[in-house]
Amino acid sequence: MNRIFKATILLLLLTSGVAVAQDRPKVLPADQEIPLKYGAERLGKRQDADMKKFRDNRLGAFIHWGLYAIPGGEWNGKVYNGAAEWLKSWAKVPADEWLALMDQWNPEKFDAKAWAKMAKQMGVKYVKITTKHHEGFCLWPSKYSPYTVAQTPYKKDLLGEMVKAYNDEGIDVHFYFSVMDWSHPDYRYSIKTKEDEEAMARFFEFTDNQLKELATRYPTVKDFWFDGTWDASIYKNGWWTAHVEKMLKELIPGVTINSRLRADDYGKRHFDSNGHLMGDYESGYERRLPDPVKDLKVTRWDWEACMTVPENQWGYHKDWSLSYVKTPLEVLERIVHAVSMGGNMVVNFGPQADGDFRPEEKELAKFIGKWMDKYGECIYGCDYAGWDKQAWGYYTRKGDDVYMVVFNAPYSKKLTVKVPKGTKVVKATVLNGNEVDVVETTRNEYNVSMPSRDPGEPFVIKLQIEKDSSTIDKYRDALT
Ligand code: H76
């Protein structure tokens with residue numbers, strides 16, 4: 001009986017797939033580590049100024065813009081519910097037919113300055129732009145591909161316009177780049193023959209050229225975020241992923257690279273065979289947040305999550321009624337939740353083919369911006385606080401300032417705060433508001449009074465703390 005029960009539980013765990021956080025490799029004791037040529041280049045977080053900036057930015061926007069915005073999820077009269085940027089694959093459209101969409105690429109309403117203004121108003125500190133998604137269409141006039149914006153009626157360098165406009169607003173630009181390229185005849189999913197090997201060698205050279213081109217044409221780029229790196233042809237060539245990281249870091253000092261690019265000598269992705277993160281930050285959290293225990297316990301590294309607003313639409317899809325669409329408040333909660341666990345959050349936008357944003361996205365950007373304007377202090381430059389999570393919401397922290405971000409106001413109007421031993425709360429102030437009462441109820445526990453606020457808006461209370469010399473400031477598991 002017991003055995004059957006255990007087997008059932010195991011089966012449930014195994015089959016629940018995505019719901020179970022991916023297992024982290026164990027970090028081996030140093031003397032048991034396997035020597036690797038293409039493993040992690042460093043242990044622990046990068047602490048240089050560029051990485052700090054990446055981390056302090058905390059809130060970013062994703063822009064998924066390419067030919068897929070034209071059909072918007074519909075092909076030959078049929079609407080596909082799958083991700084719009086994958087429509088070529090869902091509807092089995094041959095590459096030449098798909099790439100013929102280039103003749104229709106002419107975003108007349110595109111206004112880089114207006115886009116940058118929108119991002120600025122939303123409070124994002126960086127924007128990740130799809131320079132080239134899986135379809136292969138390049139938003140810059142790449143001299144290595146016939147499928148670029150230069151060969152469309154629009155003609156101009158869209159990427160260049162964006163980089164300039166965002167940078168002019170003080171917003172960092174990150175490049176999304178899909179290695180997998182459906183437009184390129186030399187791309188292989190796996191290597192089975194000598195011919196495949198030769199084709200893939202040419203493909204790597206082509207990709208290197210495009211990356212060098214991006215890095216030299218747009219030297220203010222701060223980050224490369226690689227995608228489409230999950231095929232055997234790439235992860236079995238870990239040397240190439242290590243080479244790309246090195247090449248970009250030589251071309252752009254300080255640039256950051258996501259873990260998704262990387263594979264080691266044995267084809268291990270993200271984390272090498274010794275359990276160490278490759279690249280500068282973990283980028284496995286797509287449409288989900290890390291599990292604070294399973295994912296973040298082993299060691300602490302930088303990470304960035306990204307999320308769609310509907311369930312799974314990155315590129316523009318004409319029908320958002322086909323899946324649940326997160327409310328602006330839900331999006332906000334995920335941003336705060338990410339920062340409370342020590343990560344960054346990137347919110348996705350899929351602009352229309354005409355260069356405008358759909359009304360839902362404009363509204364979302366406004367909502368987030370309004371809140372960030374008032375309460376951004378608890379997001380930018382903030383980190384995991386190391387205090388036990390309470391049901392009212394999330395803590396973030398900047399040095400000795402601890403922020404309570406209250407999403408669920410309790411009926412009692414008292415917000416419980418449990419502090420680590422040796423820590424005292426000496427003052428509580430509502431951000432943009434008044435001081436509120438703090439009463440010590442029992443050892444290491446306080447009640448913070450709720451201010452009277454608009455119940456529809458999460459608010460923030462800043463706690464000033466004092467620590468005695470016995471306090472050891474160490475990270476604890478962020479049980480959320
Ligand atoms: C799967 C996949 C891709 N990764 C996301 C960030 C989107 O670009 C999606 O198409």
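This tour moves through a predicted model, from its domains to its cores and then to selected polar side chains.

**The two domains**

Begin by colouring residues 30–378 as domain 1 and residues 393–467 as domain 2, the two parts into which the chain is divided. If you place a marker at the C-alpha centre of each domain, the two markers will lie 37 Å apart. Next select the contact itself, to which domain 1 contributes twelve residues and domain 2 contributes 15 residues. Between them the domains bury about 1,400 Å², with 60% of that area on carbon and sulfur atoms. On the side of domain 1, show Tyr375, Glu377 and Cys378, which lose the most area to domain 2 and together account for 43% of what that side buries.

**Polar links across the interface**

Keep the interface in view and turn to its polar atoms, where nine residue pairs are found in polar contact, both residues having pLDDT of 80 or more. The elements of domain 1 that give two or more residues to the side touching domain 2 are α10 (328–340) and α11 (359–375), and the largest share, seven residues, comes from α10. Across the interface of the two domains there are also two salt bridges. Select Lys374 and Glu457, whose side chains meet in a salt bridge with an N to O distance of 3.1 Å. Then select Glu377 and Lys462, which form a salt bridge whose closest N and O atoms are 2.7 Å apart. This pair links distant parts of the chain, since Glu377 sits in the loop between α11 and β11 (393–398) while Lys462 belongs to strand β18 (residues 459–467), 85 residues away in sequence. Both ends are partly exposed, Glu377 at 33% relative accessibility and Lys462 at 24%.

**The nonpolar cores**

Now hide the polar side chains and select Tyr166 and Phe224, the residues with the most contacts inside the largest nonpolar core, which has 126 residues. Helix α7 (residues 194–217) gives the most to this core, with seven residues, and the core draws at least three residues from each of domain 1 and domain 2. Apart from it lies another core, of ten residues, including Phe62, Tyr126, Tyr281 and Trp314. Returning to Tyr166 and leaving aside its neighbours within four places in sequence, you will find it in contact with residues that include Ile63, Trp115, Val127 and Ile171.

**A buried histidine**

Select His317, in the loop between β9 (303–307) and α10. His317 is buried, with a relative accessible area of 0%, and a polar atom of its side chain lies 2.7 Å from the backbone oxygen of Tyr80. Beyond four places in sequence, the contacts of His317 include Gly72, Gly73, Asn81 and Arg358.

**Salt bridges elsewhere**

The count of salt bridges comes to 30, and two further pairs merit a stop. In the pair of Lys128 and Asp223, the closest N and O atoms are 3.2 Å apart; Lys128 lies in strand β4 (residues 126–132) and Asp223 in strand β6 (residues 223–227), so the bridge ties together parts that are 95 residues apart in sequence. Lys128 is buried at 0% relative accessible area, and Asp223 is likewise buried at 0%. For Lys53 and Asp172 the corresponding distance is 2.8 Å, and here Lys53 is partly exposed at 38%, whereas Asp172 counts as buried at 10%. Finish by selecting Arg42, Arg46, Asp48, Glu245, Lys249, Arg262 and Asp280, which are linked in a network of salt bridges.

Technical notes:
Residues numbered from 1 in each chain as written. Predicted model: local features only at pLDDT ≥ 70, side-chain atom pairs only at ≥ 80, totals over all residues. Heavy atoms only, no water. Core = buried A, V, L, I, M, F, W, Y, C linked by side-chain atoms within 4.5 Å. Buried < 20%, exposed > 50% of the residue type's maximum accessible area, 1.4 Å probe, protein only. Helix = DSSP H or I, 4+ residues; strand = E, 2+ residues; numbered from the N terminus. Domains from an automatic or database assignment. Contact = heavy atoms within 4.5 Å. Buried area = accessible area lost by both parts, 1.4 Å probe. Salt bridge = Lys/Arg side-chain N within 4 Å of Asp/Glu carboxyl O. Polar contact = N/O pair within 3.5 Å; in protein donor to acceptor, adjacent residues only side chain to side chain.
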